[in-house]
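Work through the exercises below with the coordinates open. Each task is followed by a stepwise solution.

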Amino acid sequence: MSTIGYYICVPFAWLVRLFYDLTNSYGVALILFTLVIKLIMLPFQMKSKKSMMRMSRVSGQMQDLQKRYAKNQAKLQEEMQKLYEEEGVNPMSGCLWSLIPFPILIALYSVIRQPLTKMMGLGAEAVTQLTDWVTTNAGYVAQAKSAYQEIQIADLIHQNWDAVTGAFGDFSGKLLDLDYSFIGLNMGQQPSFKIWTFDWSNKAVWLPALGLFLIPIISALLSWLSMKISTSMTPQPAGNQQAAATNKTMMLMMPLVSLWICYTMPAALGIYWIVNSILGILRDVSLTKVFNKQLDKLDAERIAREKERDAELERKRLETERLKAAGETVVNPNTSKKKIQASQKQKDDERKAAAMREERAARRERLGVEQAAAPESQVGNRRYARGRAYARDHYQSDATAAPQTEQPVSEGSEGKQESTE
């Protein structure tokens, strides 16, 4: 193991030994160890959980942004980042803390696998002396490819504690009388899935073997249940097919990984995994209830702020309309010169058009020219938009339709008459 790995294992080994000294039970020591690790990780997991729940709640706003800026990815990223900052969301927080349990599991596995060097802190010379003694006096047979030799040696030392301490002492208090038994099972043994090979004729043999066989199965079921509850309490954004597929794969793979690990490693790892899943379920249920209340309150405050902002904008709009109607609007000093010129030009054009209409009306009145009535074919300023022969009821009576289809006097003919006179 690397130097970094060694120093990571040191506090874990010290913690497991501390709880074993306090309880004199290897299983209870592992349960307390798991509880302490969960408590240490709780503040970080709370932050991650809250961020994931916020992410789920803003999924509707995220989809709106994706539709609005579908053709502008740069603007989409900018708006998404702004939304994350406003809502206090960190998309990576959930991924980061979900990976933390694996280094802890690896470090704990090293402590369980090497109780002599990790938990007791014995040197290579002391381990060699103890190995030679149990080989000569306790029937230990070393296996070249076995990764759990120190567990077997520690178990034999427990069974022959008085003889070992009589021969070597306790190595200045480092040697530990380590009892692996817990609920009638040996936590140092490796569970076997080959249930057909059990000696079913002897209850004292098959009952502990069956208990060890069930530990990985219970671990896998609780791992699946933990992920199921966590996913149901923190739903993924609607329409996110990739996230849904990832969750579905993880819910299948993680229990299988748990099953494989617990069948290939000492039963102590299975106990840790079971307790870890149970505590994870309790954590998710309690945090979801607490954060739902907090987020509901925050959402209500945000909705109230948005309504107040919309009401203020509507009030300003109505006030602007009133000022425009009264001619009391004030030019914004920040308005560009080009916009001011364009607005002034439009007002001048409207004033000139109104003066020309008044002048034409006065001229017609002076010359005694009557303005022809607008024909039925007129739309706006276009006199013959529907055609010169248009009549609303020409399908009903040709006699009444004929006078209406006669060509009315146009403004052009009026102009010619005015100019002649």
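**Exercise 1.** Which residues are linked with Lys49 in a network of salt bridges?

Solution. Lys49, Arg283 and Asp284 form the network. A salt bridge here is a side-chain nitrogen of Lys or Arg within 4 Å of a carboxyl oxygen of Asp or Glu. Within the network, the Asp284 and Arg283 side chains meet at 3.4 Å, N to O. Both Arg283 and Asp284 are buried, where buried means under 20% relative accessible area, exposed over 50%, and partly exposed in between (1.4 Å probe, protein chains only). The structure holds 11 salt bridges.

The model is predicted: local features need pLDDT of at least 70, side-chain atom pairs count only at pLDDT 80 or more, and totals for chains, interfaces and linings use all residues. Residues are numbered from 1 along each chain as its sequence is written, and side-chain values use heavy atoms, with hydrogens and water left out.

**Exercise 2.** Find how many residues separate Arg317 and Glu314, and classify the exposure of each.

Solution. Begin with the distance: the two side chains form a salt bridge at 2.7 Å, N to O. Arg317 and Glu314 lie 3 residues apart in helix α13 (residues 267–326), so about one helical turn separates them. Helices are DSSP runs (H or I, at least four residues), numbered from the N terminus. Arg317 is partly exposed at 41% relative accessible area, and Glu314 is partly exposed at 36%.

**Exercise 3.** Repeat the analysis for Asp348 and Arg351.

Solution. Their salt bridge has an N to O distance of 2.3 Å. The pair is 3 residues apart in helix α14 (residues 337–367), therefore about one helical turn apart. Asp348 counts as partly exposed at 23%, while Arg351 is exposed at 51%.

**Exercise 4.** Is Asp155 buried or exposed, and which side chain of opposite charge is nearest?

Solution. Locate Asp155 in helix α9 (residues 149–159). Asp155 is buried and has no salt bridge; the nearest side chain of opposite charge is Arg17, 16 Å away. For charge, Lys and Arg count as positive, Asp and Glu as negative; His and the chain ends are not counted. Beyond neighbours within four places in sequence, Asp155 contacts Tyr180 and Asn186, contact meaning heavy atoms within 4.5 Å.

**Exercise 5.** Compare the span of helix α11 with its expected value.

Solution. The expected span is 1.5 Å times one less than the number of residues. Helix α11 (residues 203–233) has 31 residues, giving 45 Å. From first C-alpha to last, α11 reaches 43 Å, close to that value. Its buried residues include Phe213, Pro216 and Ile229.

How values were computed:
Helix = DSSP H or I, 4+ residues; strand = E, 2+ residues; numbered from the N terminus.
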